[in-house]
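Student: I have a new structure to look at and I don't know where to start. Could you take me through it step by step?
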Amino acid sequence: MGRPAVTPTVEQPVQEASPYAGEAAATVEALLRETFAGTDELRGLAVDVHRRAVREGRAPTTEDLEAIRPTVLRLLSQSRVPLAGTGVIAAPGTLADRPRWLEWWRRSPSGGSPRPLAVDLDPGNIGSYEYPVAPWFDVPCRTGRRVVVGPYVDYAGTDEYILTFAAPVSGDAGFFGVAAADIRATDLERALLPVLNADGPASLIVNASGRVIASNTPATIVGSIVRPGQGERRELAHGDDWPDCTGLPWFLVRDPA
Amino acid sequence: MTDADVSGAARHVVFAPLRDGGRVEVVARRISEAIGLGLIADGEQLPSELELAGTLAVSTVTLREALALLRQRGLVETRRGRGGGSFVRAPVDASVERLRTVLRDTGVHELREIGDHLLAITATAARLAAERASDEHLGRLEELVDQLAAAETAGERRRADGLFHIEIAAAAQSTRLTRQEIDLQGEIGELLWIPNGEAIERDERAAQHRAVLAAIADSAGDRARALVEQHVELAIAKLIEFHLQLTQRSP
C-alpha cells in the first residue's frame, strides 16, 4: 500500500542498548493514540445516543445508533494506518429492537467502498459470532478498561487476522457496549517495519503475551510466540502511560535466539 | 416399521455379539445407538432378556443392568404381565429423522472424503497451535472441554466439540484453517452428534480433548497431531459403521 509509518509526535531519548527503541516506542504510542482517538469519538456519540433515549424513557434502537455512521465512515477513510473496520457494538439486551447488534463498517483489503459487517448473531448456531465472550468486548464490559487485543483470528466475525482496539461505552445511563477499531495484522506490521532496521540484528515487536506483531526476520514471523526469556526486551507503550488499558505494554525484542 | 418385533436385518447389525467385553455401558450404548439411528423404532419390543443376552454374548445380569440404564434415560419402558417386555420409547423427531436420512444418503466414499479433509485440517491446526497458542487460548480451550464434559443435550455436545476444534485452528493463528474448520464442523458436526446415536461418547470425547489440550499446552506438536488424527479417524469409522447399519436396514 506504500503508506508511510505513523509519524512519531513525541521524540524520545535514544536508548543506548537499542538505538531505535525510542523510535519504535514513539511510533507505537502515536499509533495507539490515533486509534483510540477514533474510538473515543465514537464512544462520545454512542453515549449521547444512549442518554437521549433513556431520557425519553425508552431503550435506544438500531436506528438511533445509525447517528454514529457518518463518523464511522469518516474514520475508515481518514486513518493513516488503514482500519479494517470500526464502529460500536451494543451489549446484549441494550437495544430495544435487537438482542445483539453491531453498528460496524469495514473496508475490504482490496479497497472499494465500506460495507456493513454481516454476521450470524443467533447464539444457537455453530458459526454465530459470540462477541460477548470475545476479549475485546468482555474486558471493557467487566473492567471498564480499554483493551488492545491481538493479532488474532476473528472467526465467525470478520474472519480476518487482526488487532482490535476497544473502549467501553458507559455514561450516566450505564454500560451500553464497546467502541472499537480493527487493524489488519498485515497493515500494522507494514506501519511498524520502518522502525525495525532491516539491516540490523533480528528485531521484533511483540504484544503483552509475546505474540509477534512485526518482525524483520523470517525466523520469527508475525503470529509466532516469543517466550519471556528469549532475547533482550524493552517496553513500548509503558503501562504507566496507559493506566486504563489492558493488553499493554508491547515490547521491542532484540536477538530472540 | 409396522410389526412390533425388531426386524431380522436390524437384529443382525444391532445385536451382533459384542467383542469389546460385556460391560454394562457398552451394552446400553449399543442398544441406545440403534434407537438413536432409528434402527429400532418407537414402540417396538426388544427380544426377551434371555435371547438378547444370548445374541449379544453377555450375561443376563449385565443385560438387565443395561436395560435399567436405558429405562433411566427414558429410552426403554418395561411392561409387566402378559404381552409384557421391554419396549422402545423414542418419539420421532423431524430434525433427528432428517439427520438419519442425511447419514443414510451420504455414501461411504463421501464420508471418507470428509474424514480425509477433516484429518488434514484439524490435525495440522493442532500441530501449529502447539507452537502458537497463548495462555488465553489454552484457557478458552479448557472451558470448552469442561462444557463438553458437562453438556447434557446432543446439541450442546456438538457445539462444545465443534468449537474446541475451531478454537484450535484460531490458536494456530490461521484464518484459512479456521474457515475450513468452521465449514467442516458445520458439515459433519450434526452427524457426529445424532441424539442417542452419537458417533462419539461424550466422556470419551472429553478425555480425548483433554489429552489434545495437554499436548498443545506442552508445545508437543507431533503428539497433538497424532492424538487429533486418532480422534478424527475413530469418529469417521463410527459414522461409516452407522451409515452401513442404516443402509442395511433400508436399502
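Tutor: Let us start where the chains meet: 19 residues of chain A are in contact with 21 residues of chain B, contact meaning heavy atoms within 4.5 Å. This is a predicted model, in which local features need pLDDT of at least 70 and side-chain atom pairs count only at pLDDT 80 or more, while totals for chains, interfaces and linings use all residues. Residues are numbered from 1 along each chain as its sequence is written, chains are lettered from A and ligands numbered from 1 in the order in which they are written, and side-chain values use heavy atoms, with hydrogens and water left out.

Student: How much area do chain A and chain B bury between them?
Tutor: They bury about 1600 Å², and 54% of that is on carbon and sulfur atoms; buried area here is the accessible area (1.4 Å probe) that two parts lose on being put together, summed over both. On the chain A side, Ile126(A), Val153(A) and Tyr155(A) lose the most area to chain B, together 44% of what that side buries.

Student: And how many salt bridges are there between chain A and chain B?
Tutor: The count is 1 salt bridge, a term for a side-chain nitrogen of Lys or Arg within 4 Å of a carboxyl oxygen of Asp or Glu. Asp159(A) and Arg179(B) form a salt bridge through their side chains, at 4.0 Å from N to O.

Student: What classes of residue does the side of chain A that touches chain B have?
Tutor: That side has 9 nonpolar, 5 polar and 5 charged residues, where Ala, Val, Leu, Ile, Met, Phe, Trp, Tyr, Cys and Pro count as nonpolar, Asp, Glu, Lys and Arg as charged, and the others, Gly among them, as polar.

Student: Changing topic, how many salt bridges are there over all chains?
Tutor: The count over all chains comes to 39. One of them joins the side chains of Glu97(B) and Arg100(B), at 3.1 Å from N to O.

Student: Where do Glu97(B) and Arg100(B) lie?
Tutor: Both are in helix α5 (residues 94–105) of chain B, 3 residues apart, so about one helical turn separates them; helices (H or I, at least four residues) and strands (E, at least two) are DSSP runs, numbered from the N terminus.

Student: Is Arg100(B) buried or exposed?
Tutor: Arg100(B) is buried, at 14% relative accessible area, whereas Glu97(B) is partly exposed at 34%; buried means under 20%, exposed over 50%, and partly exposed in between (1.4 Å probe, protein chains only).
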